[in-house]
Amino acid sequence: MSPCCCSTAACRGFLLPSILLSRSYLPRHPLLNLRTTTTVSCLAPAAATISSLSAPQQRQVGVYVEALLDWNQRMNLTAVTDEAEVMTRHVADSLAVLPPLERAYRARSSTGGGGDIDGVSLIDVGSGAGLPGLILAVARPSWRFTLLESMKKRCTFLEHAVEAMGLSNVDVVCDRAENAGQSLDHREAYDIAAARAVAELKVLAEYCLPFVRVGGLFIAAKGHDPHEEIKNAKSAVQKLGASMSELCNVESMGPHGQRTAVIYLKDRATPRKYPRLPGTPSKMPL
């Protein structure tokens, strides 16, 4: 496991469309502040902040926020009902995983640690309201995204949001992770699997790792202190064919002030018996 560090001026401010957020909400601290025991620095790409998105991309984010708050009145998509809070707790929080994710991916790709990464395929497992998948799809239009969600009502919202935002790089799949993970269309078909606030890590690993190709990455956005979860998930992760790659502290604008990006490398193929039948991973974790 390697630590990572990010502290750069590119992370410092994000500007939102004025219709969504006034200047009083501008953060005083970097979006990311990844620390390490060494002095090695991982520079965050500028596109990890909302202000560096293009005007059309910022409008897409605005359309998403408007749709989320509108549909949230009719179904349970988020506990957050304020536009500014959606921006900080959901949008900025989703973008915050990009710097450690891209750095880890570059380190294991032919780009050799530099240059753009095009054509990456990412599956957002348990996408819910489309977080982080829809926000990442705006920031990385050259990537392909699959939003996996088991609840039909939420899938209907996701399909609406994709159309309203004008996204051509997103597919919505309405199915359980246990079923989709055994499908030839999805099994070990993605460069990256990502999940945010879905389940405990040892359960999440069984949901996500079957989707990742050998050599790909699984990234989980966790709370400020996931070390006990990581310890409890070690055996499950090994059984599923992966190993710890990086653990990055992400300075979040959410209520707890910090999240952790837990990144695993898929070393070998996941045994065919995983994922197990629907409901089994949560009832009987590995």
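**View 1. Helix 7 packs against helix 8 in this predicted model.**
Helix 7 (residues 201-208) and helix 8 (residues 227-239) pack at about 35°, and their axes are 8 Å apart. Axes are lines fitted to C-alpha atoms, for helices over the stretch in contact; angles run from 0 to 180 degrees between N-to-C directions. Helices (H or I, at least four residues) and strands (E, at least two) are DSSP runs, numbered from the N terminus. The crossing of helix 7 and helix 8 is right-handed: the near helix is turned clockwise from the far one by less than a right angle. Helix 7 brings Leu201, Lys202 and Ala205 to the contact. Helix 8 meets them with Glu229, Ile230, Asn232, Ala233, Ala236 and Val237. Contact means heavy atoms within 4.5 Å. By class, the residues of this contact are 6 nonpolar, 1 polar and 2 charged. Nonpolar covers Ala, Val, Leu, Ile, Met, Phe, Trp, Tyr, Cys and Pro; charged covers Asp, Glu, Lys and Arg; the others, Gly among them, are polar.

As a predicted model, it is read with pLDDT of at least 70 for local features and 80 or more for side-chain atom pairs, while totals for chains, interfaces and linings use all residues. Residues are numbered from 1 along each chain as its sequence is written, and side-chain values use heavy atoms, with hydrogens and water left out.

**View 2. The largest cavity holds about 70 Å³ of space.**
The whole structure has 2 cavities of 30 Å³ or more. A cavity is a set of points, on a 1 Å grid over the protein atoms alone, where a 1.4 Å probe fits but cannot get out; lining residues have an atom within 4 Å of a point. Grid points are joined across faces, edges and corners, and a volume is the space filled by probe spheres set on the points. Asp93, Ser94, Val97, Pro132, Ala194, Ala195, Arg196, Ile219, Ala220 and Ala221 form the lining. Helix 2 (83-95), strand 5 (190-196) and strand 6 (212-222) each give at least two of these residues. The lining comprises 7 nonpolar, 1 polar and 2 charged residues.

**View 3. The second largest cavity has a volume of about 40 Å³.**
Its lining is Asp93, Ala96, Val97, Ala221, Lys222, Val250, Arg259, Thr260 and Ala261. Strand 6 and strand 8 (258-266) each supply at least two of them. Strand 8 has the largest share, 3 residues. The split here is 5 nonpolar, 1 polar and 3 charged.

**View 4. Arg276 sits in the loop between strand 8 and helix 9 (280-283).**
The side chains of Arg276 and Glu206 are joined by a polar contact of 2.8 Å. A polar atom of the Arg276 side chain also lies 2.7 Å from the backbone oxygen of Met284. A polar contact is a pair of N or O atoms within 3.5 Å; within protein, one must be able to donate a hydrogen and the other to accept it, and residues adjacent in sequence count only if both atoms are side-chain atoms. Leaving out residues up to four places away in sequence, Arg276 touches Glu178, Glu206, Pro281, Met284, Pro285 and Leu286.

**View 5. Backbone details in three loops include cis bonds at Pro132 and Pro275.**
The Leu131 to Pro132 peptide bond is cis, with omega near 10°. Pro132 is in the loop between strand 2 (121-125) and helix 4 (133-139). The Tyr274 to Pro275 bond is cis too, with omega near 0°. Pro275 lies in the loop between strand 8 and helix 9. Glu188 is not a glycine, yet its phi is positive, about 50°. Glu188 lies in the loop between helix 6 (177-180) and strand 5.

Key: On a 1 Å grid over the protein atoms alone, a cavity is a set of points where a 1.4 Å probe fits but cannot get out, and a pocket is an open set with protein on both sides within 12 Å along at least five of seven lines; lining residues have an atom within 4 Å of a point.
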